[in-house]
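Colleague: I've just opened this one and could use a tour. Can we go through it piece by piece?

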Amino acid sequence: MKNPTLQLKDVSFAYSSDPVLKYLSLDIEPGEFIGILGPNGSGKSTILKLLGGILRNDSGNVLFKDKEISKYKRKTLAQSIAWVPQEHPMVFPFQVSEIVLMGRHPYLSPLTFESQKDFEIAGRAMEITETTHLSTRPFNEISGGEKQRVMMACAIAQEPEVMLLDEPTTALDIKYQLEILNILQRLNRDNGMTLVLAMHDLHMASKYCHRLILINKGQIIKDG
Ligand code: ADP
Ligand code: MG
């Protein structure tokens, strides 16, 4: 029996007094391609942030490879789990290639610069996401679909085992949605990357994901 990559065990979480998640349990096996679906405010983003170690659970256990996620160093965790947020609140005029290279930060020691290998990995991530031609463009000036692909390139450059993506296709035209889902499909199929996506569109999710988890009010109402 293989062990789950990520596990939520009876996890509860509240931002303030009202609980958002109550005793939620979920096992994510290596190589899965999971879509988490549910109405706005149902807890999708919160679940992803707990799985990524960005938020800390109030009770229960969040485990990555059988070890409490809070016990990992941030940097170690970032070498294994990449989180692609829904919003990209980047206001500084970084150019695209610089943002992708930031994905290599978990591998750099303090006071060292990126090596040739880091540039190569970032370059490959841009090829996979078809963002190479955007390299020198300011991030602020590219389209929404392009921004999403650049954020994915940054996550790929992290060389993670698991990628958590928060509504990566919401608000994009159908053409861009398909591009993104096809990239994810290849990462899952060819690289065995474990993927967990918060999704809005049931139709799209059911076409790509191998497992769909429906949540409502912070509870799993269907899993399969
Ligand atoms: P979803 O991603 O499914 O829309 P969220 O996980 O973002 O849902 O939100 C779940 C609940 O937690 C909602 O009621 C939302 O209002 C609340 N919430 C989300 N983020 C915060 C926050 N930073 N502070 C307080 N409440 C929050
Ligand atoms: Mg959300």
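Colleague: Let's begin with a single residue: is Thr129 buried or exposed?

Modeller: Keep in mind that this is a predicted model. Buried means under 20% relative accessible area. Thr129 has 0% relative accessibility, so this residue counts as buried.

Colleague: Which loop does Thr129 lie in, and with which side chain does its own side chain make a polar contact?

Modeller: Thr129 sits in the loop between α4, residues 116–128, and α5, residues 144–157. Leaving aside neighbours within four places in sequence, Thr129 is in contact with Arg149, Met152, Ala153, Ile156 and Ile183. As for the polar contact, at 3.0 Å, the partner side chain is that of Thr131.

Colleague: Pro138 lies in a loop between α4 and α5 too. Is Pro138 buried, exposed or partly exposed?

Modeller: Once neighbours within four places in sequence are set aside, Pro138 is in contact with Phe94 and Gln95. Its C-alpha atom is separated by 21 Å from that of Gln158, 20 residues apart along the chain. Buried needs a value under 20% and exposed one over 50%. Pro138 comes in at 26% relative accessibility, so the label is partly exposed.

Colleague: On to the inside of the protein. Which element gives the most to the largest nonpolar core?

Modeller: That core has 38 residues, and Val100, Val150, Met163, Leu165, Leu184, Leu195 and Leu197 have the most contacts inside it. With 7 residues, the element that gives the most to this core is α5.

Colleague: How many residues does the other core have?

Modeller: This one lies apart from the largest core. Leu26, Leu55, Ile213 and Ile215 are among its members. Its residue count is 27.

Colleague: Back to Val150: what is Val150 in contact with, leaving aside its neighbours within four places in sequence?

Modeller: Val150 is one of the residues with the most contacts inside the largest core. Beyond those sequence neighbours, its contacts are Val96, Ile99, Val100, Thr131, Leu134, Phe139 and Ile142.

Colleague: Now the cysteines. Is Cys154 buried or exposed, and how many disulfides does the structure hold?

Modeller: Cys154 has 12% relative accessibility, so this cysteine counts as buried. Cys209 is buried as well, with a relative accessible area of 9%. The number of disulfides in the structure is 0.

Colleague: There's a ligand here too. How much of the area that ligand 1 exposes when taken alone does the protein bury?

Modeller: Around ligand 1 you'll find Tyr15, Val20, Pro39, Asn40, Gly41, Ser42, Gly43, Lys44, Ser45 and Thr46. Oxygen atoms of ligand 1 are 2.7 Å from a polar backbone atom of Gly41, 3.2 Å from a backbone N or O atom of Ser42, and 2.7 Å from an N or O atom in the side chain of Ser45. Taken alone, ligand 1 exposes 550 Å², and the share that the protein buries is 55%.

Colleague: Which helix gives the most to the shell around ligand 1?

Modeller: The helix in question spans residues 44–51 and gives 3 residues to that shell. Its name is α1.

Colleague: Why is α1 described as largely enclosed by the rest of the structure, and which residue with a positive phi follows α1?

Modeller: The description comes from a count: 6 of the 8 residues of α1 are buried, so the helix is largely enclosed. Those buried residues are Lys44, Thr46, Ile47, Leu48, Leu50 and Leu51. The residue that follows α1 has a phi near 75°, and that residue is Gly53.

Technical notes
Residues are numbered from 1 along each chain as its sequence is written. Chains are lettered from A and ligands numbered from 1 in the order in which they are written. This is a predicted model: local features need pLDDT of at least 70, side-chain atom pairs count only at pLDDT 80 or more; totals for chains, interfaces and linings use all residues. Side-chain values use heavy atoms; hydrogens and water are left out. Helices (H or I, at least four residues) and strands (E, at least two) are DSSP runs, numbered from the N terminus. Buried means under 20% relative accessible area, exposed over 50%, partly exposed in between (1.4 Å probe, protein chains only). A polar contact is a pair of N or O atoms within 3.5 Å; within protein, one must be able to donate a hydrogen and the other to accept it, and residues adjacent in sequence count only if both atoms are side-chain atoms. Contact means heavy atoms within 4.5 Å. A nonpolar core is a set of buried Ala, Val, Leu, Ile, Met, Phe, Trp, Tyr and Cys residues joined through side-chain atoms within 4.5 Å. A disulfide is a pair of cysteine sulfur atoms within 2.5 Å. A residue is near a molecule or strand if one of its heavy atoms lies within 4 Å of it. Accessible areas come from the Shrake-Rupley method with a 1.4 Å probe; for residues, only the protein chains shown count as cover.
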